[in-house]
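Reader: Take me through one part of this model up close, please. I'd like to hear how the pieces there fit together and what sits beside them.

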Amino acid sequence: MTLLPSQLALSVELVRRLEGEAMAALPEGTLMARAASAIAVSASGMLRDTVGRVTGSRVVLLVGSGDNGGDALYAGARLARRGARVDAVLVADRHHEAGATALRSAGGRLVGTDDLVAAAELVAAADLVVDGILGIGGRGGLREPAATLAAVARETDATVLAVDLPSGVDADSGAVEDTHRVVVADRTVVMGVLKPGLLVGAGAAYSGDLEVVDIGLDLSSVTRSETVVLVDDRLAAHDLERPGAYDDKYTRGVVGVSTGSERYAGAAVLSTGGARHGLSGYVRYSGPAYVEVVQAWPEAVAKPGRVGVAGRAQCLAVLDAAGLGVPLVLDADAITLLAEDSEVRSAVESRTAPTIVTPHDGEFARLAAAPVGVDRVGAARSLARSLGLVVLLKGSSTVVASPSGATYVSMSAPPELATAGSGDVLAGLLGSVVAHHQARGNVDADLLARLAAVASHVHGVAGLVAVGEGRTMAALDLVAALPEAIARVRGAEPA
């Protein structure tokens with residue numbers, strides 16, 4: 001499977017190395033010229049969408065001292081040559097001199113911040129604000145006067161375009177130190193490859209639409225353990241294969257489910273529903289809610305007792321199957337037992353078949369004996385290494401990490417997915433997807449991580465289907481939306 005730059009996120013350290021290699025191999029100024037061209041093209045499109053034209057539009061550049069400021073200045077020169085009124089507000093003690101010269105030559109203006117009120121008025125009157133304040137090496141919240149001008153941009157109707165990363169967002173973690181000292185972008189033009197901070201944490205919320213542009217970075221030397229992979233429809237479609245002409249219900253995969261309780265039968269019904277609408281051809285339920293399960297899903301084989309009573313399966317979503325040699329999905333109370341019972345933990349960690357745990361932040365804190373913190377990617381990777389298990393850390397952006405370091409992010413979930421029972425549906429769906437692939441061949445930990453991210457992506461798309469144009473959503477709506485969600489994702493050209 002060949003991944004695109006729009007599906008890969010790399011750390012600041014690695015991006016810096018790749019940029020250095022590219023600059024050494026290309027004529028001086030090539031990377032900045034390519035970046036400026038991409039920014040200008042994106043800005044022109046945004047202006048046409050919002051005010052209907054580039055000529056006569058009002059563009060304000062917020063220019064810092066680094067290369068992002070230079071990119072913005074050169075892009076501003078291109079916009080000025082197309083008839084836009086371009087003002088570059090210099091928010092640092094120094095700026096990119098050659099870029100400033102190019103802007104002035106094209107008819108643009110350089111504006112200082114000695115008169116901060118006047119600079120703020122320019123921002124307030126702009127049709128488009130281009131954020132070139134900080135680059136990927138920036139740390140912490142914006143300082144004055146940049147913080148004031150970013151606040152003005154947030155409070156007005158101006159469209160905001162960020163260069164590579166919204167200033168005030170940490171490129172590696174997505175952390176925002178101060179929500180009052182950060183740029184909130186409608187779109188971010190990303191240079192070469194994604195950065196993890198655009199996909200997780202507050203950074204994902206502040207980056208707007210992501211547009212990744214090729215500036216000539218050579219990604220061939222990058223290993224999978226160094227990357228964070230963004231799961232989209234194209235990637236997910238690769239693993240959502242349709243049944244073949246010679247498949248039967250067994251070769252499509254059998255998933256074993258043991259969830260819920262006599263008092264809380266809903267979890268069993270929802271997880272079985274998620275499993276039934278996944279890829280497997282057969283669902284076997286074993287547990288105390290077997291009556292409710294078979295009433296809701298008459299095609300499922302539902303029996304009382306421990307898992308394994310109902311028969312063989314290729315993947316199990318249950319804790320008491322730790323001794324069986326197939327992939328295992330642990331959710332909800334199983335995570336609590338794993339965190340609190342040393343014998344259970346030892347049994348799970350000693351398994352030869354891969355296991356995945358699916359905690360929310362509170363469950364993660366119990367497993368790791370520490371809170372998630374601001375670096376969600378780092379936290380998931382650390383726990384996966386320490387436990388030797390695949391970790392699916394739930395959230396508005398779900399992070400999945402393998403013990404090897406292979407990491408995936410799913411961003412498809414709408415906010416309405418934060419509803420009771422949603423996690424039960426995901427556990428069943430995940431078990432079904434994994435069972436299907438286990439029936440095709442052994443699923444190792446790295447493949448389990450990818451399949452978990454694919455299931456999370458489909459789960460999010462189902463949420464979008466269920467919500468539609470402003471509807472509310474309950475977990476059963478999510479189950480009902482899974483077939484359409486899978487059809488939508490399958491409609492993408494597989495990676």
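Author: Here's a look at one helix pair and the cavity beside it.
The model is predicted, so local features need pLDDT of at least 70 and side-chain atom pairs 80 or more, while totals for chains, interfaces and linings use all residues. Numbering starts from 1 along each chain as its sequence is written, and side-chain values use heavy atoms, leaving out hydrogens and water.

Helix 5 (residues 116–125) packs on helix 6 (residues 146–155) at about 30 degrees, axes 9 Å apart (lines fitted to C-alpha atoms over the stretch in contact, angles 0 to 180 degrees between N-to-C directions; helices are DSSP H or I runs of at least four residues, strands E runs of at least two, numbered from the N terminus). That makes the two roughly parallel (under 35 degrees), and their crossing is right-handed (near helix turned clockwise from the far one by less than a right angle).

On the helix 5 side, Leu116, Ala119, Ala120, Val123 and Ala124 meet Thr148, Leu149, Val152 and Ala153 of helix 6 (heavy atoms within 4.5 Å). By class, that's eight nonpolar residues, one polar and no charged (Ala, Val, Leu, Ile, Met, Phe, Trp, Tyr, Cys and Pro are nonpolar; Asp, Glu, Lys and Arg charged; the others polar).

Ala153 turns up again in the lining of the largest cavity, alongside Leu62, Val129, Asp131, Ala150, Arg154, Val160, Val183 and Val184 (a cavity is where a 1.4 Å probe fits on a 1 Å grid but cannot get out; lining means an atom within 4 Å of a point). Helix 6 gives the largest share of that lining, three residues, and strand 5 (128–132) supplies at least two. The lining divides into seven nonpolar, no polar and two charged residues, around about 40 Å³ of space (filled by probe spheres set on the points).

Terms used: Parallel < 35°, antiparallel > 145°, perpendicular 65-115°, else oblique. 1 Å grid on protein atoms, 1.4 Å probe; cavity = no way out; pocket = protein on both sides within 12 Å on 5 of 7 lines; lining within 4 Å.
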